[in-house]
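Biologist: Could you take me through this model and tell me what stands behind each label you use?

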Amino acid sequence: MKIRVIMATAAASVLLFPGTATALAYPVEDAPLLTGNALYAAGKLPAAGCARKPAKGKSLASVKKHVNALITCMNDTWGPYMKKANLQFVPPRVEVHGTALDKKYERYCFGAKMNPAKSEAVHCFGTNLSIRVRPDWIKASDDIPILAELSSAYAEHVLSLVDVTEGYNALHADDSDEILEQLRRFNLQAKCLGGMTAKSLWSALGYPAKNAGRLLDLAKAEADAKGEFRYFGKSANLVYWTKRGYSTSDPRSCKTWVAPSSKVS
């Protein structure tokens, strides 16, 4: 979980009309952990070699088993990749919560309240992934949303390991617009690495190639609605960075920190 999310929320709340401020450019400078990170030289993330995922099923127990199998596959793919590049790797500590009927259950992760009605995966402070399973995942016949959500959260874990999160938290900003743009740069980089992660597992886990477009549809759906604060940005940019990660499998393609403001708006 990013410390500056709280700062961004507080700063954004002072804007009376979110999204109507004059668009300015906020280049990220003097931040080598962000613009020149060693991850960018690691090369392409290889295709996963893990066993096919267990069936998702329609019970909480089967979905938990499914989730844990996907995380294990991500560990088995990212771990050797990062060690080969002489980068630190520590697998995340995973907590999977939820019951099919508990509507009031709430889980907090470093100050952020998880949605009580929607399944989600959140990277918490340190090396923790907190995953909440709700009826939407349990009842769904399509498990691609699970892979997409886990891939993005796992990408934040990777960014924490290589100190991108540290570099992001250390950024200076002069106003709320700049804080929000920096937050979008972080979130969109996670989406890009999430696209890489999903691509690495795609064939190994038996997902049909023709269904890859579903990832882009899911990314598009996460865009900030009109009138909301710009935490993730426009649908076109969410699609752009997700597709970029999926198509290249290379973290060099995910350098949102040097992208023009128009690509993180």
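Modeller: Here we go through disulfides, helices, a sheet and a few single residues.

Modeller: First, this is a predicted model, in which local features need pLDDT of at least 70 and side-chain atom pairs count only at pLDDT 80 or more, while totals for chains, interfaces and linings use all residues. Residues are numbered from 1 along each chain as its sequence is written, and side-chain values use heavy atoms, with hydrogens and water left out.

Biologist: Good to know. What makes Cys50 and Cys73 a disulfide?

Modeller: A disulfide is a pair of cysteine sulfur atoms within 2.5 Å. The sulfur atoms of Cys50 and Cys73 are 1.6 Å apart, so the pair meets that rule. Cys50 sits in the loop between α2 (32–35) and α3 (60–84), and Cys73 in helix α3, so the bond ties together parts that are 23 residues apart in sequence. Helices here are DSSP runs of H or I with at least four residues, strands are runs of E with at least two, and both are numbered from the N terminus.

Biologist: And how many disulfides does the rule give?

Modeller: Two. The other joins Cys192 and Cys254, with sulfur atoms 2.0 Å apart.

Biologist: Why is the disulfide of Cys192 and Cys254 called left-handed?

Modeller: The torsion about its S-S bond is about -70 degrees, so the disulfide of Cys192 and Cys254 is left-handed. This pair links distant parts of the chain: Cys192 is in helix α7 (residues 176–202) and Cys254 in the segment after α9 (235–248), 62 residues apart. Both Cys192 and Cys254 are buried, and so are Cys50 and Cys73. Buried means under 20% relative accessible area, exposed means over 50%, and partly exposed is in between, with a 1.4 Å probe and protein chains only.

Biologist: Let's stay with α7. What span would you expect for α7, and what does the model show?

Modeller: The expected span is 1.5 Å times one less than the number of residues. With 27 residues, α7 is expected to span 39 Å, and its first and last C-alpha atoms are 38 Å apart, which is close. As for cover, 25 of the 27 residues of α7 are buried. At the start of α7, a side-chain oxygen of Asp175 comes within 3.2 Å of the backbone nitrogen of Asp177.

Biologist: Why is Leu238 called buried or exposed?

Modeller: Leu238, in helix α9, has 0% relative accessibility and therefore counts as buried. Leaving out residues up to four places away in sequence, its contacts (heavy atoms within 4.5 Å) include Leu188, Lys191 and Phe232. Ala223 is another residue that Leu238 touches, and the C-alpha atoms of Leu238 and Ala223 are 6.9 Å apart, with their positions 15 residues apart in sequence.

Biologist: How do you know on which side of the cut-off Ser152 falls?

Modeller: Ser152 has 14% relative accessibility, so this residue counts as buried. Ser152 lies in helix α5 (residues 144–161) and touches Ala190, Lys191 and Gly194, again not counting residues up to four places away in sequence. The C-alpha atoms of Ser152 and Lys191 are separated by 5.5 Å, although the two are 39 residues apart along the chain.

Biologist: Now the sheet. Which strands stand at its edges, and why?

Modeller: The sheet is open, with three strands in the order β1-β5-β4 and mixed pairing. β1 (93–97) and β4 (120–123) each have a single partner strand, so one side of each is left without a neighbour in the sheet.

Biologist: What makes β4 and β5 a pair?

Modeller: Two strands pair if DSSP finds at least two bridges between them. β4 and β5 (residues 128–132) have four bridges, in the antiparallel sense, and one of the bridge partners is Leu129 in β5, matched with His123.

Biologist: Last, why are Asn86 and Asp163 labelled as they are for accessibility?

Modeller: Asn86 has a relative accessible area of 73%, so this residue is exposed, whereas Asp163 has 31% and is therefore partly exposed. Asn86 lies in the loop between α3 and β1, with phi near 60 degrees, a positive value in a residue other than glycine. Asp163 lies in the loop between α5 and α6 (164–169) and has a positive phi of about 70 degrees although it is not a glycine.

Conventions:
A polar contact is a pair of N or O atoms within 3.5 Å; within protein, one must be able to donate a hydrogen and the other to accept it, and residues adjacent in sequence count only if both atoms are side-chain atoms.
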